[in-house]
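Trainee: Got a minute? I'd like to walk through this structure with you.
Mentor: Sure. Pull it up and we'll start.

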Amino acid sequence: MTSLALGIPGIRRDPAARPATLGRPDVPGLIDRFGRTARDLRISITEKCSLRCTYCMPEQGLPAIARDDLLTATEIARLVEIGVRDLGVHDVRFTGGEPLMRADLAEIIRRSSAVAGGASISMTTNGIGLDHRIHELVDAGLTRINISLDTVDRDHFARLTRRDRLPAVFAGIQAAKDAGLTPLKINAVLMRDTLAGAADLLEWSLQNGVRLRFIEQMPLDADEQWARDNMVDAAELLSVLGTRFTVGRPHRDDPSDPAEEWNVEPTASTPGGTVGIIASVTRSFCAACDRTRVTAEGTVRSCLFGDDETDLRGLLRSGADDATLADRWRAAMWGKQSGHGMERADFVRPARSMGAIGG
Ligand code: SAM
Ligand code: SF4
């Protein structure tokens with residue numbers, strides 16, 4: 001792992017330095033040069049995590065972000081308000097790192113929810129500790145949740161995440177269901193070590209009424225072990241699932257939803273349902289991407305794979321008005337790259353790993 005993999009990439013730290021906006025029409029939304037409009041806001045709120053998934057974090061965790069460098073609950077809510085009111089954001093999702101590691105998560109959700117108009121407020125989490133906090137989070141305004149779970153085999157889970165915490169994740173999933181946060185989506189990253197258990201995970205998901213989505217692993221692991229020729233792709237997954245299930249044809253209800261949904265026939269022991277596959281590597285959905293990201297330190301990142309970041313925290317703390325913040329955000333998104341570029345021979349991994357950007 002290089003130190004660059006953990007460090008902060010080329011951020012425009014000078015609030016006065018503007019990203020290029022040549023040719024941008026004067027319209028209110030978060031449009032880019034390729035005709036896309038971002039409406040789905042991902043906000044990372046911490047780099048800390050209770051797990052160390054090998055496809056994401058280094059064993060020792062990410063370098064700590066100084067407390068003063070993290071956006072506060074008030075600052076996060078201000079960006080949510082500007083995003084929704086002035087920039088057309090429809091969906092707000094908190095991520096990390098692990099959002100449950102922030103003691104003030106309920107306050108972040110409450111303040112954001114109060115200014116979010118009709119936008120949904122959701123969270124992606126590993127579920128550890130969720131059972132103890134679910135009620136305060138729902139009361140604060142949390143409307144949807146995705147929980148990450150790659151395997152239902154305790155040994156595989158412990159190896160993959162470097163922590164023996166599978167029972168805690170199950171407790172979090174149960175708590176989310178009991179609190180009525182349904183349909184509950186489960187994210188599973190496709191890894192060679194857990195591929196043999198993919199059908200077990202699907203069976204468990206169908207039996208427990210949760211919506212499973214497999215995700216192709218992207219080159220965003222801090223340890224830089226990702227290799228295209230060892231990656232499990234959607235085709236390989238489907239052939240493994242096909243040994244136990246009859247899987248139909250794919251459909252995509254919403255063109256900006258990265259998951260293709262495949263119908264799964266019932267079996268003697270399992271009800272029918274669907275399985276989603278997010279083929280981020282082999283069937284890129286970049287052309288329909290509607291994401292805008294804010295890192296835990298308050299920089300706008302237009303693409304997971306683009307190292308260019310635009311600092312909003314400096315503006316927030318220097319007394320900038322909402323119009324200035326909105327304009328800087330729009331300018332950052334205008335420069336969004338067309339795609340991840342993994343198919344190109346000259347592809348270079350981004351400097352930040354997934355846990356440091358916010359997945
Ligand atoms: N800690 C929370 C969790 O795991 O759900 C939220 C942060 S995590 C970075 C967000 C999502 O990114 C998770 O669903 C995780 O599985 C996924 N992820 C992490 N590293 C990935 C990688 N290299 N490729 C694809 N997905 C990845
Ligand atoms: Fe933590 Fe989520 Fe990364 Fe796993 S994927 S190490 S749970 S941030």
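Mentor: Keep in mind that this is a predicted model. Begin with Asp 322, which makes a salt bridge to Arg 78. Their closest N and O atoms are 2.8 Å apart.

Trainee: Where do Asp 322 and Arg 78 sit in the chain?

Mentor: In distant parts of it. Asp 322 belongs to helix α10, residues 322-334. Arg 78 belongs to helix α2, residues 73-87. They are 244 residues apart.

Trainee: Is Asp 322 buried, exposed or partly exposed?

Mentor: Partly exposed, with a relative accessible area of 24%. Arg 78 is also partly exposed, and its value is 24%. Buried would need under 20%, so neither residue gets that label.

Trainee: Which residues share a salt-bridge network with that pair?

Mentor: Bridges with shared partners join Arg 78, Glu 81, Arg 85, Asp 86 and Asp 322 into one network.

Trainee: And how many salt bridges does the structure hold?

Mentor: It holds 30. Another one pairs Asp 200 with Arg 244, with the closest N and O atoms 2.8 Å apart.

Trainee: What does the bridge from Asp 200 to Arg 244 tie together?

Mentor: Asp 200 is in helix α7, residues 198-207. Arg 244 is in the loop between α8 (234-241) and β10 (247-251). The two are 44 residues apart in sequence, so the bridge ties those parts together.

Trainee: How accessible is Asp 200?

Mentor: Its relative accessible area is 36%, so Asp 200 is partly exposed. Arg 244 is partly exposed too, at 36%.

Trainee: Okay, one more pair. What does Glu 260 bind to in a salt bridge?

Mentor: Arg 283, with the closest N and O atoms 2.9 Å apart. Glu 260 lies in strand β11, residues 260-264. Arg 283 lies in the loop between β12 (273-278) and β13 (291-294). They are 23 residues apart in sequence.

Trainee: Is Glu 260 buried or exposed?

Mentor: Buried, with a relative accessible area of 12%. Arg 283 is partly exposed, at 44%.

Trainee: New topic. How many cavities of 30 Å³ or more are there?

Mentor: One. The largest cavity has a volume of about 40 Å³.

Trainee: Which residues line the largest cavity?

Mentor: Asp 150, Val 189, Leu 190, Met 191, Thr 194, Leu 195, Ala 198 and Phe 214.

Trainee: How does that lining divide into nonpolar, polar and charged?

Mentor: Six are nonpolar, one is polar and one is charged. Asp counts as charged, so the charged one is Asp 150.

Methods: Residues are numbered from 1 along each chain as its sequence is written. Chains are lettered from A and ligands numbered from 1 in the order in which they are written. This is a predicted model: local features need pLDDT of at least 70, side-chain atom pairs count only at pLDDT 80 or more; totals for chains, interfaces and linings use all residues. Side-chain values use heavy atoms; hydrogens and water are left out. A salt bridge is a side-chain nitrogen of Lys or Arg within 4 Å of a carboxyl oxygen of Asp or Glu. Helices (H or I, at least four residues) and strands (E, at least two) are DSSP runs, numbered from the N terminus. Buried means under 20% relative accessible area, exposed over 50%, partly exposed in between (1.4 Å probe, protein chains only). On a 1 Å grid over the protein atoms alone, a cavity is a set of points where a 1.4 Å probe fits but cannot get out, and a pocket is an open set with protein on both sides within 12 Å along at least five of seven lines; lining residues have an atom within 4 Å of a point. Grid points are joined across faces, edges and corners, and a volume is the space filled by probe spheres set on the points.
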